[in-house]
Amino acid sequence: MALFGTAARPLLTALTGAHAEACAALHGTVFAQGWSALEFESLMAAPVTLGDAALDPRSGVLAGFALSRGAAREAEIVTIAVAADWRRRGLGTRLLDRHLRHLALAGCAVVFLEVGAGNEAARRLYAAAGFVEVGRRKAYYAPKPGLAREDALVLRRALQGPG
Ligand SMILES: CC(C)(COP(=O)(O)OP(=O)(O)OC[C@H]1O[C@@H](n2cnc3c(N)ncnc32)[C@H](O)[C@@H]1OP(=O)(O)O)[C@@H](O)C(=O)NCCC(=O)NCCS
């Protein structure tokens with residue numbers, strides 16, 4: 001019986017300005033140059049932004065999110081992040097699937113994103129979702145202390161429209 005485990009699955013919902021503080025906190029734990037709550041708020045207020053959130057089913061705390069910006073029929077996934085406690089449990093995959101479906105419904109035909117060449121976890125997540133490498137930006141990311149600058153890979157995936 002699947003009584004255990006299923007109840008603990010994070011709930012997926014729309015990302016809104018109300019999540020800005022939590023996004024900034026989560027983003028700051030992952031990226032050296034995190035964005036402030038104000039930056040997230042203004043990003044989410046833009047009509048071209050689309051976001052999905054995953055909430056801890058017990059506490060309602062943000063467990064992960066995905067955020068994109070669109071223009072015409074193209075979108076860029078600006079960021080996707082899962083809180084450390086929730087990683088490697090399929091949440092990144094669920095969030096990305098839902099996000100791609102929402103982008104397609106919004107009329108988006110192609111999605112791009114940039115990922116650090118050394119970010120094995122994210123690269124595998126995107127490869128499994130059908131993204132392919134279409135470019136490389138040399139020494140694109142600012143160095144972490146004691147490390148060299150990191151290349152960014154540009155990934156692309158076509159989307160199927162709703163009809
Ligand atoms: C990338 C990230 C969103 C993945 O979230 P997640 O919830 O752990 O992803 P999933 O559990 O759905 O894993 C999907 C696949 O990604 C790969 N993966 C995830 N974590 C991994 C790790 N630590 N090492 C290697 N592969 C990993 C695996 O192929 C995994 O499939 P598997 O578990 O069947 O082997 C998460 O690691 C994260 O938030 N990282 C920090 C933020 C970040 O780098 N975002 C991307 C910016 S471009």
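This is a short dialogue on how to read a predicted model of a chain with a ligand.

Reader: Where should I start, and how many helices and strands are in the chain?

Author: Start with the elements and their order. The chain has 4 helices and 7 strands. Read from the N terminus, they follow the pattern β-α-α-β-β-β-α-β-α-β-β.

Reader: How do I judge the overall form, and what radius of gyration does the chain have?

Author: Compare the value with what a compact globule would give. For 163 residues that is near 15 Å, and the chain has 16 Å, so the two agree. Along the principal axes, the C-alpha atoms fill a box of roughly 50 × 45 × 35 Å.

Reader: Where does the ligand sit?

Author: Look at the pockets. The ligand lies in the largest pocket.

Reader: How many residues surround the ligand, and which are the closest?

Author: A residue counts as near if one of its heavy atoms lies within 4 Å. Here 20 residues surround the ligand, with V82, R88, G92, T93 and N119 the closest. By class, this shell holds 11 nonpolar, 4 polar and 5 charged residues.

Reader: Which elements supply at least two residues of the shell?

Author: They are β4 (74-82), α3 (91-105), β5 (110-116) and α4 (120-128). Of the elements, α4 gives the most, with 5 residues.

Reader: What lies 2.8 Å or 3.5 Å from an oxygen atom of the ligand?

Author: Check backbone and side chain separately. A backbone N or O atom of V82 is 2.8 Å from a ligand oxygen. For G92, a polar backbone atom is 2.8 Å from an oxygen of the ligand. In R87, a side-chain N or O atom lies 3.5 Å from a ligand oxygen atom.

Reader: How much of the ligand's accessible area does the protein cover?

Author: On its own the ligand has 920 Å² of accessible area, and the protein covers 75% of that.

Terms used:
Residues are numbered from 1 along each chain as its sequence is written. This is a predicted model: local features need pLDDT of at least 70, side-chain atom pairs count only at pLDDT 80 or more; totals for chains, interfaces and linings use all residues. Side-chain values use heavy atoms; hydrogens and water are left out. A polar contact is a pair of N or O atoms within 3.5 Å; within protein, one must be able to donate a hydrogen and the other to accept it, and residues adjacent in sequence count only if both atoms are side-chain atoms. Accessible areas come from the Shrake-Rupley method with a 1.4 Å probe; for residues, only the protein chains shown count as cover. On a 1 Å grid over the protein atoms alone, a cavity is a set of points where a 1.4 Å probe fits but cannot get out, and a pocket is an open set with protein on both sides within 12 Å along at least five of seven lines; lining residues have an atom within 4 Å of a point. A molecule sits in a cavity or pocket if more than half of its atoms lie within 2 Å of its grid points. Ala, Val, Leu, Ile, Met, Phe, Trp, Tyr, Cys and Pro count as nonpolar, Asp, Glu, Lys and Arg as charged, and the others, Gly among them, as polar. The radius of gyration is taken over C-alpha atoms; the globule rule is 2.2 Å times the number of residues to the power 0.38.
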